Amino acid sequence: MNFCIQGIGAVTPLGPTGLETWLALCDGQHAPRTRFGKALADRNYFACPVPGKFLGGAARQPRLRRSGTISLLAALAGSDAFADAGLKLDSGLGDRIAVVFAICSGGINYTRRFYHEIATQGANCASPLLFPETVYNAAASHLAALLGVDGQSYTLVGDSSVGLAAIHFATELLTMQPRLDRCLVVGTEEVDWLLADAFASWRMATNRDQFEVYGRTNGTIFGEGAAAVLVGRTGSLMIAKCSAGLPFHSLSETESAAKEMFCHLPREGAFEMIVSSANGTFADEVEGKVFSEFYPAVPVYAPKPALGEALGAGALLQVAVAGWALRHQRLPGTLRAGCKLLSVNRETRSLPSSQALVTCVGFNHQVNALKLCLVQSAY
Amino acid sequence: MQDIARGNRVLVTGLGVISPLGPDTDANLRSLLEGKDCVAPIEIFDVSRTRCKTAGQIPDVWLEKAFPPGRVSDRFHRGARMAALALREASKVANGAKPELMVVGTTVGGMSYGELFYRRLLATKSRKGFARLVGNYTPQKPIQDALELNRLRIPTQILTNACSSGSNAIGHGFELVRHGLRSCVVCGGYEPLCELVFVGFDSLQAATPEKIRPFDRNRTGLVLGEGAAFLILESERSANSRGAVALAEMVGYGVSTDTYHLTQPNPSGIGPKLAMQRALDSGGVAAGAIDYVNAHGTATIFNDATEGAAISELCGKVPVSSTKSMMGHALGAAGAIEAAFCVLALRDQFLPPNINFVQPDPAWKFEVVANQFRAARVNYALSNSIGFGGTNATLILKQT
């Protein structure tokens, strides 16, 4: 049984909607970098936050008045996906729609502030207003409330590949429940100095203001944002293949896991573009090797140098980009691409295509892939 | 979940539990029958400035016995060791089952490593050991480690639906097998105690400095717990093909989302009532057929009021207990541990006790299994989980 993406929504540092983000990506723009101050140690990092002016619409919702940034972003992306599907955001969807969230770090701003109070002032000073928003499923709960969903709301947690696992989870729900019309799958992420510093200590983040993909692996820069896809039973973008992902227990296993996962899908020729997860870390080398060996002529676009590594939102942003690329028959150029992958797409160009492969090598033990097919051109 | 097409029979062929009640299923069963109070003063972090100072804890010695200290096992988070131990037992009981997928619920994963990272950031300029903490704090990493320790390499789905995570994981695994998408799934939950969450509940004044007394008229709040439990769910065909022994049958799963408030349930009880009704519909079970309810029963004023109203309305005079009274609330693992207790109740035909119970609340019709276990005919058991964010999940199990 195949399911379709009926609507795509996003809010990113490049735009308050999916369409504006797509146009900026095609225009070769990259998200403005903001320098994080020396919050807790003498180390600076850059990140790509979503401008506050993009959040206004969500922040005015009474339910979201105390919520963290990830919840605001999720609400905006969810609304945008509904609008893209030509649906009105109804506040009484009941149990005919399920909400499935993909989360990586969760509400890290609130979590840091809450734990900072514990660590520096004592447990008796920790604010009860902060704690509820630190819970991983807070964003899903808020969005379910805005949509009036009284049925299923699930939050999946994982690494930067979790968005693909969430889409797979949604297809499982739709397969098992004929009464369910749609699943809204949302990935969301906020940036924080702590996140950058933690990943830098793991050699996954850089303190520079740019990072290269398929070149030197100096670490990534984090981005903020959310992406949402409305998955239903009909539509112009069919999810031809997706899975729960595959774990790897060590770096040496990553490549075999990637081969197994990416090559379960039809070989070269079956898709005309790849939207990859390259982010300036070991993921680039793994993807690069597999693409060079199995799909040497398929152009590869990596959106993360433009948007930043948005972790929980990262894979869904890739799916969104693949959907836009198929709809518009264009593929943006990868910014700051190194020389280790010949097939990397460097300039925005027209690309007649009907199928796209989305690949993810997560930093924390998951590899996944998804294939998207254009069933009919809506554009 | 209330679709009538029920598909395959789903059997529980493997069970593994570690909780403050014991390091394995047998030890947990003994403690349930004894009505043992396993809530004790907190030892693993400072509680000098919190109201609540107790929790149900897993002694480190149990984990060290299973995974002796050494270069490899030191790398694993406490949560990974709990999960690995429960997974090992479940695999052993299932004896030859080949799970295709693991579905796991948790709320914090390896958060205590994140806490340690933060405290070191505040205290020192050295970054020695930071990479280990960052690499192992995420909720998925302890599960990857538990799989590695059990030499399993299967896809995982990690659900973080707050306190209903464990039940959601089992419910989703159940649906996958029932509908033929998988023939064997290992599912459950794990949750190690951590300071951030402990203080969180304390700050909300949901945690009590007294004994936890679910469904008591004078209840004052919850205490936290920890642990892990896994069930191996298998289609009848798969189980029969290898001659597996079924411990119980899973027949129903229902969920609902209560959109009333992020941390407070709708006082009407509509959230848990919808989940219970959907689980009954899903299993084709009449409410009157339920012989035992293992309630979420956190002993907070709000939870017990709303859940109590829902149980009373749907199931009337059914026997109810909250096993959290003995071990505290293990959050993302609670639903899985309590499902495991339901399997034991069905297998051994008894009702687990609700300890520390003094005074009934006249608002409810049901009968609390007060302070001592009771032998009883148990054909159907229902387990409730209710979480922050309004997530409600109900599982129904049947005697085989």
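**Exercise 1. Count the helices and strands in chain B, then work out whether its overall size fits a compact globule.**

*Solution.* Start with the count: chain B of this predicted model has 13 helices and 15 strands.

Next, look at the extent. The C-alpha trace of chain B spans about 60 × 50 × 40 Å along its principal axes.

Now compare with the rule for globules. A compact globule of 400 residues would have a radius of gyration near 21 Å, and chain B comes out at 20 Å, which agrees.

Then check the inside: 66% of the 400 residues of chain B count as buried.

Finally, see who touches whom along the chain. Take the contacts in chain B with a separation of 6 or more: 80% of them come from residues 24 or more positions apart.

**Exercise 2. Find out how many residues of chain B are in contact with chain A, and describe that side of chain B.**

*Solution.* Begin with the numbers: 57 residues of chain B are in contact with 56 residues of chain A.

Then ask which elements of chain B supply at least two residues each to this side. Among them are the helices α4 (111-123), α5 (130-136) and α6 (140-149), along with the strands β5 (156-159) and β8 (248-257).

Last, sort the residues on this side of chain B by type: you get 24 nonpolar, 21 polar and 12 charged.

**Exercise 3. Work out the strand order of the three-stranded open sheet in chain A, and say which helix packs on it.**

*Solution.* Step one is the order, which reads β2-β3-β7 in chain A, with mixed pairing.

Step two is the edges. β2 (34-36) and β7 (222-223) of chain A each pair on one side only, and that makes them the edge strands.

Step three zooms in on one pair. β2(A) and β3 (residues 45-48) of chain A run antiparallel, joined over three bridges. Pick A:Thr34 and you'll find that its bridge partner in β3(A) is A:Ala47.

Step four adds the helix: α7 (residues 193-201) of chain A packs on the sheet and touches β2, β3 and β7 of chain A. The direction of α7 makes about 120° with that of β3(A).

**Exercise 4. Compare the length of helix α11 of chain A with the expected value, and decide whether the helix is enclosed or open to the outside.**

*Solution.* First the length: α11 (residues 311-328) of chain A has 18 residues. From first C-alpha to last it reaches 26 Å, close to the 26 Å expected at 1.5 Å a residue.

Now the surroundings. A residue is buried if 20 or more other C-beta atoms lie within 10 Å of its own. In α11(A), 16 of the 18 residues are buried, so this helix is largely enclosed by the rest of the structure.

One last stop: just after α11(A), A:Gln329 takes a positive phi of about 55°.

Terms used:
Residues numbered from 1 in each chain as written. Chains lettered and ligands numbered in written order. Predicted model: local features only at pLDDT ≥ 70, side-chain atom pairs only at ≥ 80, totals over all residues. Contact = placed C-beta atoms within 7 Å. Helix = DSSP H or I, 4+ residues; strand = E, 2+ residues; numbered from the N terminus. Nonpolar A, V, L, I, M, F, W, Y, C, P; charged D, E, K, R; others polar. Pairing = 2+ DSSP bridges. Axes fitted to C-alpha atoms, helices over the stretch in contact; angles between N-to-C directions. Rg over C-alpha atoms; globule rule 2.2 N^0.38 Å. Buried ≥ 20, exposed ≤ 12 C-beta atoms within 10 Å, placed from the backbone. Expected span 1.5 Å × (residues − 1).
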